[in-house]
Amino acid sequence: MSKVREYEGTDILVHFDLKRCIHAEECVNGLPDVFAREARPWVKPDAATADDIAEVILRCPTGALKYERKDGGPSEPLPQANTIAVEPDGPLYVKGQVELMRSDGSRHLEDTRVALCRCGASQNKPLCDGHHEDAGFADSGQLGQITERSADFELGGKLIITPAQNGPFLLQGSAEIKGSDGRISYHDSKAALCRCGGSNKKPFCDGTHKKIGFTAD
């Protein structure tokens with residue numbers, strides 16, 4: 001179950017999901033007067049303008065932070081493109097019209113920002129919980145293979161992500177996968193991304209999960 005806390009200000013209401021936070025620190029670095037980790041409460045929604053707070057919240061790559069405008073300002077925009085950024089030694093940061101499923105076909109969540117575990121060690125699979133650091137997961141985040149952009153490739157639309165039981169993330173829909181080396185691999189139908197941490201073709205699956213006996217619902 002999510003542990004969502006609310007911090008209400010005059011012009012904006014901030015939602016914080018503790019279970020999805022992995023301390024990416026976009027918030028504390030972006031607005032330290034509003035987001036102060038050691039303070040209680042740690043979120044002070046009246047310490048900056050609602051526009052500035054909303055802008056910083058949108059930088060949160062995990063979706064742990066959300067907001068509701070009370071001043072009539074715009075709500076979170078729906079991304080026009082689906083992107084997956086491969087974080088070095090860390091998770092897959094997904095941004096777009098994301099529908100994350102369970103292996104049994106039921107919906108886990110629908111969101112615009114999600115961090116997916118790719119080390120295999122998270123206790124909150126399929127979401128990242130920061131255990132890649134404790135597990136010593138190491139990967140440069142560079143793309144091992146590239147699919148070029150086709151002439152009729154169109155970004156956007158729904159991106160359905162289903163974690164196969166004991167297997168990879170299965171993608172359905174268009175997605176732009178960005179490696180830490182700046183290269184991009186385009187996928188407009190299907191792709192399989194490693195979530196066991198063992199693939200030699202990261203971030204893509206190469207079947208290693210079967211060899212190492214990876215288990216996850």
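Where is F153, in terms of helix 3 and strand 7? It sits in the loop between the two. I'll come back to F153 shortly. One caveat before that: this is a predicted model.

Let me start with the whole chain. The protein has four helices and eleven strands. Its radius of gyration is 18 Å, and the globule rule gives 17 Å for 217 residues, so the protein is as compact as a globular protein of that length. Along the principal axes, the C-alpha atoms fill a box of roughly 55 × 40 × 35 Å.

Now burial and surface. Of the 217 residues, 47% count as buried. The exposed area is about 10900 Å². Carbon and sulfur atoms supply 45% of that area. And the contacts? Take those with a separation of 6 or more: 55% of them join residues 24 or more positions apart.

Back to the loop between helix 3 and strand 7, and to F153. Is F153 buried or exposed? Buried, because its relative accessibility is 6%, and the cut-off for buried is under 20%. What does F153 touch, once neighbours within four places are set aside? The list is S174, A175, Y186, H187 and D188. Strand 9 covers 175-178 and strand 10 covers 184-187. So much for the contacts. For a distance, look at A164. F153 and A164 are eleven residues apart in sequence, yet 26 Å apart in space, C-alpha to C-alpha.

Stay with strands 9 and 10 for a moment. The loop between them holds G179. G179 has 12% relative accessibility, so it counts as buried. Beyond its sequence neighbours within four places, G179 is in contact with G141 and L143. Compare I146, which is 33 residues from G179 along the chain. The C-alpha atoms of G179 and I146 are separated by 9.9 Å.

Next, helix 3, and H131 in it. H131 is at 28% relative accessibility, which means partly exposed. Leaving out neighbours within four places, H131 contacts A121, S122 and Q123. How far in space is H131 from E154? The C-alpha to C-alpha distance is 35 Å, for a sequence separation of 23 residues.

Helix 3 takes us to the largest pocket. Helix 3, at 131-134, supplies at least two residues of the pocket lining. So do strand 4, at 83-86, and strand 5, at 92-101. How much space lies in the largest pocket? About 370 Å³. The lining has 21 residues. Which of them lie nearest the centre? E26, R59, P61, E87 and Y93. By class, the lining splits into ten nonpolar, four polar and seven charged residues.

There is a cavity as well. The count is one cavity of 30 Å³ or more. The largest cavity has a volume of about 30 Å³. Its lining is R20, T62, A115, L127 and C128. That comes to three nonpolar, one polar and one charged residue.

Now the backbone. Most residues other than glycine have a negative phi, and most peptide bonds are trans. Here are some exceptions to look at on screen.

Cis peptides. K125 and P126 are joined by a cis bond, with omega about 5°. P126 lies in the loop between strand 6, at 107-116, and helix 3. The bond from K202 to P203 is cis too, with omega near 5°. P203 is in the loop between strand 11, at 190-193, and helix 4, at 208-212.

Positive phi. H23 is not a glycine, and its phi is near 60°. Where is H23? In the loop between strand 2, at 12-17, and helix 1, at 26-30. N166 is not a glycine either, and its phi is about 60°. Look for N166 in the loop between strand 7, at 158-163, and strand 8, at 169-172. N166 counts as partly exposed, because its relative accessibility is 30%.

To recap. F153 is buried. G179 is buried. H131 is partly exposed. The largest pocket draws on strand 4, strand 5 and helix 3, among others on its lining list. Cis bonds precede P126 and P203. That's the tour.

Note on methods
Residues are numbered from 1 along each chain as its sequence is written. This is a predicted model: local features need pLDDT of at least 70, side-chain atom pairs count only at pLDDT 80 or more; totals for chains, interfaces and linings use all residues. Side-chain values use heavy atoms; hydrogens and water are left out. On a 1 Å grid over the protein atoms alone, a cavity is a set of points where a 1.4 Å probe fits but cannot get out, and a pocket is an open set with protein on both sides within 12 Å along at least five of seven lines; lining residues have an atom within 4 Å of a point. Grid points are joined across faces, edges and corners, and a volume is the space filled by probe spheres set on the points. Ala, Val, Leu, Ile, Met, Phe, Trp, Tyr, Cys and Pro count as nonpolar, Asp, Glu, Lys and Arg as charged, and the others, Gly among them, as polar. The radius of gyration is taken over C-alpha atoms; the globule rule is 2.2 Å times the number of residues to the power 0.38. Buried means under 20% relative accessible area, exposed over 50%, partly exposed in between (1.4 Å probe, protein chains only). Contact means heavy atoms within 4.5 Å. Accessible areas come from the Shrake-Rupley method with a 1.4 Å probe; for residues, only the protein chains shown count as cover.
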